[in-house]
Amino acid sequence: MIIGSHVSFSGKQLLSSAIEAISYGANAFMFYTGAPQNTVRSKINDDYTKEALKLMNENGIELKNVICHAPYIVNLANNKDESKYEFSKNFLKGEITRCHTLGIKYIVLHPGSSVGIERLTALDNIANALTNILEGNEDVTILLETMAGKGTELGINIDELKYIIKSVNSDKLGVCLDTCHLNDSGVDINNFEIYLNIFDREIGLDKVHCIHVNDSKNPLGSRKDRHENIGFGTIGFEALYKVCITERLKDVPKILETPYINGKAPYKEEIEELRNNKFNPNLKELF
Ligand code: FE
Ligand code: FE
Ligand code: ZN
C-alpha cells in the first residue's frame, strides 16, 4: 500500500517533509510549498533537497509518490479581475518550476470557484488558463481535485472534470480523487468500484495519480467539505480501507488529510490501521 499524509514543508523544505513522513511510517507524502492560504514562497534550497532525496531513498519513498498541493486561493475560474487571474496563472507556473527543481511530478489543484460568473464560462476560464500554464512543461502533471460542491466550487462531478480535461487535451493534466469531497458531492464511497467504472469510461483511470483518503463529518451529498478521522465519519473505515486496496489504483499514492486530534497528528496510527485493516474505535482517546 502506498500511503502517507500531508506534511509540513517549513524549515528545511523537502528534508523536513521527508523526516515527518518517515516518522509516520509513510512511503508517500504531500506538502504545500508554503502556507496553503497564501502565495508567499521561498527559493528552493538544493542542499536540503539532496539530503531529502538520500533519506527518502533509504526509507523507500519514491519521488513519484510525493505530491505538491497548490494553495487554495489560486482561482483559475474567475477572470473578472484580470490582475488576479494573471497572478493565479503566474503563481502556478512558478509552482511547476519549483516542483521541477525538486523533482516532484504531481501538483494537486482545486479547479476553482465561479463566484458570480456563469458556470460554463468559468469552466472555459479554467481550461484556457491550464492550456497556457501547461505549455512547454514536460515533466510536471497538474491533478484536478474532485470537489465537494461548497459555495460555487467547480469540478464537483465527472462531467465538469471531463469538460476541462477534454478542452485542455494535455497528458500533463490528471485527477486527484478526494473521498470526503466525493461523499459530500453525492458519490457513495460504499460503491466506489461503480464510481471507478463510470470514471474509467468517461475520463480514464490512467488519469488518476493521487487519492486523498479522508472520512467526512457530513452526510452524502451535503456539499460541505469537512474532513473527519478515518472511521469516525459518515463514510466509515471499511469503505475507506477498500479504496486503499482497490487493485485498479494500487500504484496510486493514498494521502491522508484528516484532522489533528488534540493538536497532534494522527497519521502514524491511521496509516497503521489502514495497512493492517484494523480500526481502533478508541483512537481519539490516545491523543
Ligand atoms: Fe485539496
Ligand atoms: Fe483533498
Ligand atoms: Zn477538503
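1. Start with L130. In this predicted model, and leaving aside neighbours within four places in sequence, L130 touches L76, L109, I142, L144, I164, V168 and L173. L130 also belongs to a bigger picture: the largest nonpolar core has 78 residues, and L130 is listed with L14, F29, F31 and L177 as having the most contacts inside it. Which helix gives the most to this core? That would be α4, residues 119-134, with eight residues. As general background, nonpolar side chains in soluble globular proteins tend to be buried together.

2. There is a second core, and it is separate. This one has 10 residues, including I2, C176, C210 and I255. Keep C176 and C210 in mind for the cysteine point below.

3. Now the metals, beginning with the iron ion (ligand 2). Its donors are E145 (OE), D178 (OD), H212 (ND1) and E257 (OE), at 2.0 to 2.2 Å. Along the chain those donor residues are spaced E-x32-D-x33-H-x44-E. What about the geometry of this site? The iron ion (ligand 2) sits in an irregular site, with angles of 83 to 171 degrees among the four donor atoms. For reference, the ideal angle is 109.5 degrees for four tetrahedral donors. Before reading too much into the label, remember that water is not among the atoms, so sites may look incomplete.

4. E145 does double duty: it bridges the iron ion (ligand 2) and the iron ion (ligand 1), and these two ions lie 3.3 Å apart. E145 is in strand β5 (residues 141-145) while H212 is in strand β7 (residues 208-213), so this pair ties together parts that are 67 residues apart in sequence. Are these two donors buried or exposed? E145 comes out buried, at 1% relative accessibility, and H212 is buried as well, at 0%.

5. The zinc ion (ligand 3) has three donors listed: H181 (NE2), D225 (OD) and H227 (NE2), at 1.9 to 2.3 Å. Their spacing along the chain reads H-x43-D-x1-H. H181 lies in helix α6 (residues 179-185) and D225 in the loop between β8 and β9, so the two tie together parts that are 44 residues apart in sequence. Both H181 and D225 are buried. How far is the zinc ion (ligand 3) from the iron ion (ligand 1)? The separation is 5.3 Å.

6. D225 deserves a point of its own. Besides being a donor to the zinc ion (ligand 3), D225 forms a salt bridge with K150, with the closest N and O atoms 3.6 Å apart. This pair links distant parts of the chain, 75 residues apart: D225 is in the loop between β8 (215-216) and β9 (227-228), and K150 in the loop between β5 and α5 (158-168). The two ends of the bridge sit in unlike surroundings: D225 counts as buried, at 15% relative accessibility, whereas K150 is partly exposed, at 39%.

7. Other salt bridges. The structure holds 15 of them. One is between K64 and E62, where the closest N and O atoms are 3.8 Å apart. With a cut-off of 4 Å, that 3.8 Å pair qualifies. K64 is partly exposed at 38% relative accessible area, and E62 is also partly exposed, at 45%. Another is between the side chains of R201 and E202, at 3.2 Å from N to O. R201 counts as exposed, at 62% relative accessibility. Salt bridges with shared partners join K162, R201 and E202 into one network.

8. Last, the cysteines. How many disulfides are there? The count is zero. The sulfur of C68 has its closest cysteine sulfur in C99, 3.8 Å away, and that is too far for a bond. For C176 the closest cysteine sulfur is in C210, also at 3.8 Å and too far for a bond. The cut-off is 2.5 Å between the sulfur atoms. C68 is buried at 0% relative accessibility, and C176 is buried at 0% too. C176 and C210 are the cysteines named above as members of the second core.

Terms used:
Residues numbered from 1 in each chain as written. Chains lettered and ligands numbered in written order. Predicted model: local features only at pLDDT ≥ 70, side-chain atom pairs only at ≥ 80, totals over all residues. Heavy atoms only, no water. Core = buried A, V, L, I, M, F, W, Y, C linked by side-chain atoms within 4.5 Å. Buried < 20%, exposed > 50% of the residue type's maximum accessible area, 1.4 Å probe, protein only. Helix = DSSP H or I, 4+ residues; strand = E, 2+ residues; numbered from the N terminus. Contact = heavy atoms within 4.5 Å. Donors = N, O, S within 2.8 Å, 3.2 Å for Na, K, Ca; no water. Tetrahedral: all angles 85-135°; square planar, octahedral: opposite > 155°, others 65-115°.
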